[in-house]
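Please read this briefing alongside the sequence and the structure. It is written for the bench and keeps to what can be computed from the atoms.

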Amino acid sequence: MLPIHKIIWHEWRARHETPVRVPEPSEAMEDPEQIRAYVKAYEWGGPTSALQLYHLTQLSSMIRPGDTVVDLACGPGPLLLELAPLYPDCHFIGADLSRPMLDVLAESCTVRGIANVDTLCEDIRELPSLAPGSVDVIITTSALHHLPDLDCLADVFVRMERLLKPDGGVYIFDFGFLKSSRVQEILVADVASRAPAVTAEDYANSLKAAFPIDAVVNLACRHLQRQLVVSTSAFVDFFYFIRSTYRVRPGKDVKARLVSLHRRSPPSIRLEGLMLRWLQVAR
């Protein structure tokens with residue numbers, strides 16, 4: 001379990017420091033070893049399972065039957081692979097700049113017999129293949145920190161707003177910019193204990209590339225012309241959620257599937273899920 005008291009202490013001590021954000025080495029992940037490790041990290045029971053289950057639960061109140069749902073910077077699509085079977089009458093689109101990542105997603109869909117997911121290899125700042133007002137829900141999780149700068153982030157929010165239908169929804173999650181290098185080391189060590197070295201290195205780069213939460217929230221509120229709900233981690237700027245208001249009551253089949261996933265989860269994943277909820281505060 002993460003030493004929360006140490007994280008809070010080190011981040012508090014660094015509150016007056018002004019560290020510099022370090023952009024990711026590349027916007028798109030195309031190295032085969034990195035991709036294999038990334039896919040491995042998202043296997044059920046791995047270090048991301050509690051977060052994935054939380055995303056699924058939240059999205060169950062946002063996705064309506066027949067919706068078109070776009071996942072921006074989806075990578076190999078771990079979230080889409082869980083969502084698509086839950087909503088067989090919805091159309092899911094995974095958009096990413098990495099063709100190798102999308103190839104992994106397409107192959108996974110074939111193996112699992114998933115027919116309602118398409119891939120789109122385009123820059124998420126532009127997405128020329130998607131018509132304005134054609135999307136019901138836009139998702140992006142653990143991805144926006146790959147953008148080079150805040151101007152690019154603003155471009156993504158502008159494009160999201162143009163793509164969404166008037167009653168469309170957004171669901172955004174990502175890391176926040178931590179000031180303490182010691183806290184970053186603690187978090188990376190935790191991942192390294194459960195994942196390959198290349199995954200821990202990717203995570204370290206992601207933490208360094210995270211945007212300040214206030215800057216992200218300000219841009220989202222400026223460019224997404226709809227009611228937003230914002231929550232962040234308590235005590236330290238570790239993560240943030242930005243979503244539109246709920247759009248639907250979860251269907252019985254979806255609820256049953258989520259309950260089953262929760263019950264079959266090992267205690268460690270359940271505990272992480274509880275911590276994820278306890279550590280959130282509304283903004």
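The points below cover the strands and their crossovers, the enclosed cavities and the salt bridges.

This is a predicted model, and every value below should be read with that in mind. Strand 2, at residues 91-96, pairs in the parallel sense with strand 1 and also with strand 3. The structure holds two cavities of 30 Å³ or more and eleven salt bridges.

**Strands and crossovers**

- Five of the six residues of strand 2 are buried, so this strand is largely enclosed by the rest of the structure.
- Strand 1 and strand 2 run parallel and are joined over five bridges, with L72 standing opposite A95 of strand 2; the chain passes from strand 1 through helix 4 to strand 2, and this β-α-β crossover is right-handed.
- Strand 2 and strand 3, the latter at residues 117-121, likewise pair in the parallel sense over five bridges, and here D96 has C121 in strand 3 as its bridge partner.
- Strand 2, helix 5 (residues 99-112) and strand 3 together make a β-α-β unit that is right-handed.

**Cavities**

- The largest cavity encloses about 250 Å³ of space, and of the 18 residues that line it, those closest to its centre are E27, A73, D96, A143 and H146.
- The lining of this largest cavity is made up of nine nonpolar, four polar and five charged residues; D96, which is among the residues closest to the centre, is also the bridge partner of C121.
- The second largest cavity holds about 80 Å³ of space and is lined by 13 residues, with Y38, D71, C74, P78 and T141 lying nearest its centre.
- Strand 1 (68-72) and helix 4 (78-86) each supply at least two residues to the lining of the second largest cavity, which divides into eight nonpolar residues, four polar residues and one charged residue.

**Salt bridges**

- R257 forms a salt bridge with E82, their closest N and O atoms being 3.9 Å apart; this pair links distant parts of the chain, since R257 sits in helix 10 (residues 252-264) and E82 in helix 4, 175 residues apart.
- R257 counts as partly exposed at 34% relative accessibility, and E82 is also partly exposed, with a relative accessible area of 23%.
- The side chains of D136 and K165 meet in a salt bridge with an N to O distance of 3.2 Å, and the pair connects strand 4 (residues 135-141), which holds D136, with strand 5 (residues 164-175), which holds K165, across 29 residues of the chain.
- D136 counts as buried at 7% relative accessibility, whereas K165 is partly exposed, with a relative accessible area of 28%.
- The side chains of R226 and E161 meet in a salt bridge at 2.9 Å, N to O; R226 lies in the loop between helix 9 (213-223) and strand 6 (228-233) and E161 lies in helix 6 (residues 150-163), so the pair ties together parts that are 65 residues apart in sequence.
- Both R226 and E161 are buried.
- E27, D123 and R125 are joined into one network by salt bridges that share partners, and E27 is also among the residues closest to the centre of the largest cavity.

Methods: Residues numbered from 1 in each chain as written. Predicted model: local features only at pLDDT ≥ 70, side-chain atom pairs only at ≥ 80, totals over all residues. Heavy atoms only, no water. 1 Å grid on protein atoms, 1.4 Å probe; cavity = no way out; pocket = protein on both sides within 12 Å on 5 of 7 lines; lining within 4 Å. Points joined across faces, edges and corners; volume = space filled by probe spheres on them. Nonpolar A, V, L, I, M, F, W, Y, C, P; charged D, E, K, R; others polar. Helix = DSSP H or I, 4+ residues; strand = E, 2+ residues; numbered from the N terminus. Buried < 20%, exposed > 50% of the residue type's maximum accessible area, 1.4 Å probe, protein only. Pairing = 2+ DSSP bridges. Right-handed = clockwise from strand over helix to strand, strands pointing away. Salt bridge = Lys/Arg side-chain N within 4 Å of Asp/Glu carboxyl O.
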